[in-house]
Amino acid sequence: MIPAPQIALGLVMAALVCFATLMSGQSHDREQNLFACQNGWGSCDHSTLTDTDKKEIARLRHDQNISDCEESWTSCNRSALTAPERVEVEFVVHRQVISNCWNGLGRCDHAKLTTSEAAAVAIADYRRNVTDCWNGWPSCKLSKLSPSDRSDIAVAQRQHNVSQCWDGSPSCDRSKLSAAELNAVHVAEHQRDYLACLNGSSGCNLSELTPAEANSMAGGGITASR
């Protein structure tokens, strides 16, 4: 038979375990509810929040509203901002407009630029277009270049095409070559073919070689693909 003191102690321990389990469950539920309220979820039960919780949630929502306003999101509520916060938000929004216009990224609202800012953005736009044209990118607008820049870029593009043809690149446009340039490209192609044959490369085409070159290849026991 178990002594009465041990039975009493066992009951106390069991009660403590049940109480701890109950408190743990309540704590977990409270944390889940607090998280739901912090994120504005429909499952939030405001009646279980403490005053401290409510203040923290209000602070988080206010900070989120400031962020929404700075990002120009429709969820922004400017009326909830203090006067200093509105000034700061306007500064951040304007700075983003300048950045978008300057870099040609995102939405650029030129109407919101000052005269000096608009002038600086126009220069940045022009330089970006010059770079696009120099690189031969589709975004290039030759009509917006000065005659001098247009002439320099035309020369550079022609030289680039000659180089592409000289190297045997698929992007070569032979129709843009002069007779002298086309002849030089043919010489370069012949030299590449001859070297390929000398090295026994698969790109060798004996039919493109002169009789003397072809004989020397055959004499050396070199075969070539056709």
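A disulfide here is a pair of cysteine sulfur atoms within 2.5 Å. The model is predicted, so local features need pLDDT of at least 70 and side-chain atom pairs count only at pLDDT 80 or more, while totals for chains, interfaces and linings use all residues. Residues are numbered from 1 along each chain as its sequence is written, and side-chain values use heavy atoms, with hydrogens and water left out.

**Disulfides**

The structure holds five disulfides. A disulfide is a covalent bond between the sulfur atoms of two cysteines. Three of the five are set out below.

| Disulfide | S to S distance | S-S torsion |
|---|---|---|
| Cys69 and Cys76 | 2.0 Å | about 90° |
| Cys101 and Cys108 | 1.9 Å | about 100° |
| Cys165 and Cys172 | 1.9 Å | about 90° |

The torsion about the S-S bond of Cys101 and Cys108 is about 100°, so this disulfide is right-handed. The bond of Cys69 and Cys76 is right-handed too, because its torsion is about 90°. The disulfide of Cys165 and Cys172 is likewise right-handed, with a torsion of about 90°.

Burial is scored by relative accessible area: buried is under 20%, exposed is over 50%, and partly exposed lies in between (1.4 Å probe, protein chains only). Cys69 has 1% relative accessibility, so it counts as buried. Cys101 counts as buried because its value is 2%. Its partner Cys108 is partly exposed, with a relative accessible area of 25%. Cys165 and Cys172 are both buried.

**Helix 6**

Helices (H or I, at least four residues) and strands (E, at least two) are DSSP runs, numbered from the N terminus. Helix 6 covers residues 179–198, which is 20 residues. The expected span of a helix is 1.5 Å times one less than its number of residues. For helix 6 that gives 28 Å, and the end C-alpha atoms are 29 Å apart, which agrees. Its buried residues include Glu181, Val185 and Ala188. Asp193, Ala196 and Cys197 are buried in helix 6 as well. After the helix comes Gly200, with a positive phi near 70°.

**Pockets**

Pockets come from a 1 Å grid over the protein atoms alone: a pocket is an open set of points where a 1.4 Å probe fits, with protein on both sides within 12 Å along at least five of seven lines, and lining residues have an atom within 4 Å of a point. Grid points are joined across faces, edges and corners, and a volume is the space filled by probe spheres set on the points.

The largest pocket has a volume of about 290 Å³. Helix 5 (residues 147–166) gives the most to its lining, with six residues. Trp134, Arg158, His160 and Lys176 are among the lining residues. For classes, Ala, Val, Leu, Ile, Met, Phe, Trp, Tyr, Cys and Pro count as nonpolar, Asp, Glu, Lys and Arg as charged, and the others, Gly among them, as polar. This lining has two nonpolar, seven polar and three charged residues.

The second largest pocket has a volume of about 230 Å³. Helix 3 (residues 83–103) gives the most to that lining, with six residues. The lining includes Glu70, Glu71, Ser72, Arg95 and Lys112. By class, three residues are nonpolar, three polar and six charged.

**Ser72**

Ser72 lines the second largest pocket and sits in the loop between helix 2 (51–70) and helix 3. Its phi is positive, about 60°, although Ser72 is not a glycine. Most residues other than glycine have a negative phi.
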